[in-house]
Amino acid sequence: MKGLILYNVKAGKGKVAKRLERIVAEFTKEGIEVTPKLIDFVENPFNGHEDIDLVVICGGDGTINYVVNQMREKGIDPTIGVIPAGTANDFAGALGMPKDYVKAARKIAQGREHRVDCGEVNGRYFVNVLSFGVLTTTSQQTSDKAKHRYGKLAYLWVGLKDLITMHSIKLRVKIDDREFDADTLMFLVFNGETAGRFQLAHGAKIDDGLFDVMVLERRNAIATCVNMVRHLLRGKPKAVHHLQSSLIEIYTDGKERTDVDGQPGPDFPMYVRCQAGALKVRS
């Protein structure tokens, strides 16, 4: 088996690069030939490596998102392994990957292959969540420097400022054979279960062929905070709606910032499809 280890020089505050030798050794023990390669986010990392069997991604959800889209651009389908080296690492968490880089490498090298779902929106792929509205774009608004220095606290600070300036978004939504209007503060389409490692899509699975959709209705700032806390504590506030579907269409007349896996997302209208079992993973 031939593999490629893709890593971001900034991943894990630079700790991944320092542990590369030990990471490679875990694969060598299992008879897997791996080649480390630095991602520059400009050139397709699979150029010259189209025949690989395994790609090990060292990074967070944004790096995984980039790599998966580059795979699709190349038309290749290698098995994916994830070493969590980002800030939140939601997709790695859904796969049950340990936080320790070497232990994660060992789990991939010794693991079994299975299939999980992948989302697609307007021709772009995502592994964890598509979102828009209050608190949903904090990752792309938070600087890398702040993420590395303060971790989740950096997200909370940006999120607090987002709450102060929050506004509702009027939508037309089509889900399967249903169609409805929504006046929402937050809209999330989950493949996984967490965002920023906060558990929001309770019970969601990455291999059931369905998205878990969370819609937060418009309320005032205090009520919104209370509803979110209740939801995080597994309460059932009336302002939070949970739906499941494999196909979603979302329309709005306004211009809103969107997010996919912590990166800037597409414009409206959005056509979202769950590709059941589209990704081979090893964990």
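In this predicted model, a salt bridge joins Asp-51 to Lys-2, with 3.2 Å between the closest N and O atoms. Asp-51 sits in the loop between strand S2 (33-38) and strand S3 (54-59), whereas Lys-2 belongs to strand S1, so the pair ties together parts that are 49 residues apart in sequence. Lys-2 is partly exposed, at a relative accessible area of 37%. Side chains of opposite charge can pair when their charged atoms come close, and the structure holds eleven salt bridges.

Another of these pairs is made by Asp-77 and Arg-115, whose closest N and O atoms are 3.4 Å apart. Here too distant parts of the chain are linked: Asp-77 is in the loop between helix H3 (61-74) and S4, while Arg-115 is in strand S5 (residues 113-121), 38 residues apart. Both partners can be placed by their accessibility, as Asp-77 is partly exposed with a relative accessible area of 32%, and Arg-115 is partly exposed with a value of 41%.

Strand S5 also takes part in a salt bridge through Glu-120, which lies in that strand and pairs with Arg-273 of strand S17 (residues 270-282); the pair therefore ties together parts that are 153 residues apart in sequence. The N to O distance between the side chains of Glu-120 and Arg-273 is 2.6 Å. Glu-120 counts as buried because its relative accessible area is 15%, under the 20% limit. Arg-273, at 38% relative accessibility, counts as partly exposed. Elsewhere, Glu-26, Lys-29 and Arg-106 are joined into one network by salt bridges that share partners.

Positive charge also gathers on the surface, in a patch made of Lys-15, Lys-18, Arg-19 and Arg-22. Arg-19 is located in the loop between helix H1 (15-18) and helix H2 (20-29). With 31% relative accessibility, Arg-19 is partly exposed, and it can belong to the patch because membership calls for over 30% relative accessible area and no salt bridge.

Two buried residues give a view of the interior. Asn-8 is found in the loop between strand S1 (2-7) and H1, and its relative accessible area of 17% makes it buried. Once neighbours within four places in sequence are left aside, Asn-8 is in contact with Leu-38, Phe-41, Cys-58 and Thr-63.

Thr-79 is found in strand S4 (residues 79-84) and is buried, with a relative accessible area of 3%. Not counting residues up to four places away in sequence, Thr-79 touches Asp-53, Leu-54 and Val-55, together with Glu-113 and a group formed by Lys-280, Val-281 and Arg-282. From Thr-79 to Val-56 the C-alpha to C-alpha distance is 8.4 Å, and these two are 23 residues apart in sequence.

Finally, the chain can be viewed as a whole. The protein chain contains nine helices and 17 strands. Of its 283 residues, 54% count as buried. Among contacts with a separation of 6 or more, 73% involve residues 24 or more positions apart. The protein chain exposes about 13,300 Å², and carbon and sulfur atoms supply 50% of this area.

Key
Residues are numbered from 1 along each chain as its sequence is written. This is a predicted model: local features need pLDDT of at least 70, side-chain atom pairs count only at pLDDT 80 or more; totals for chains, interfaces and linings use all residues. Side-chain values use heavy atoms; hydrogens and water are left out. Helices (H or I, at least four residues) and strands (E, at least two) are DSSP runs, numbered from the N terminus. Buried means under 20% relative accessible area, exposed over 50%, partly exposed in between (1.4 Å probe, protein chains only). Contact means heavy atoms within 4.5 Å. Accessible areas come from the Shrake-Rupley method with a 1.4 Å probe; for residues, only the protein chains shown count as cover. Patches are made of residues with over 30% relative accessible area and no salt bridge: like charges are joined within 9 Å, nonpolar side chains (Val, Leu, Ile, Met, Phe, Trp, Tyr) within 5 Å. A salt bridge is a side-chain nitrogen of Lys or Arg within 4 Å of a carboxyl oxygen of Asp or Glu. Lys and Arg count as positive and Asp and Glu as negative; His and the chain ends are not counted. The place of a charge is taken as NZ of Lys, CZ of Arg, CG of Asp or CD of Glu.
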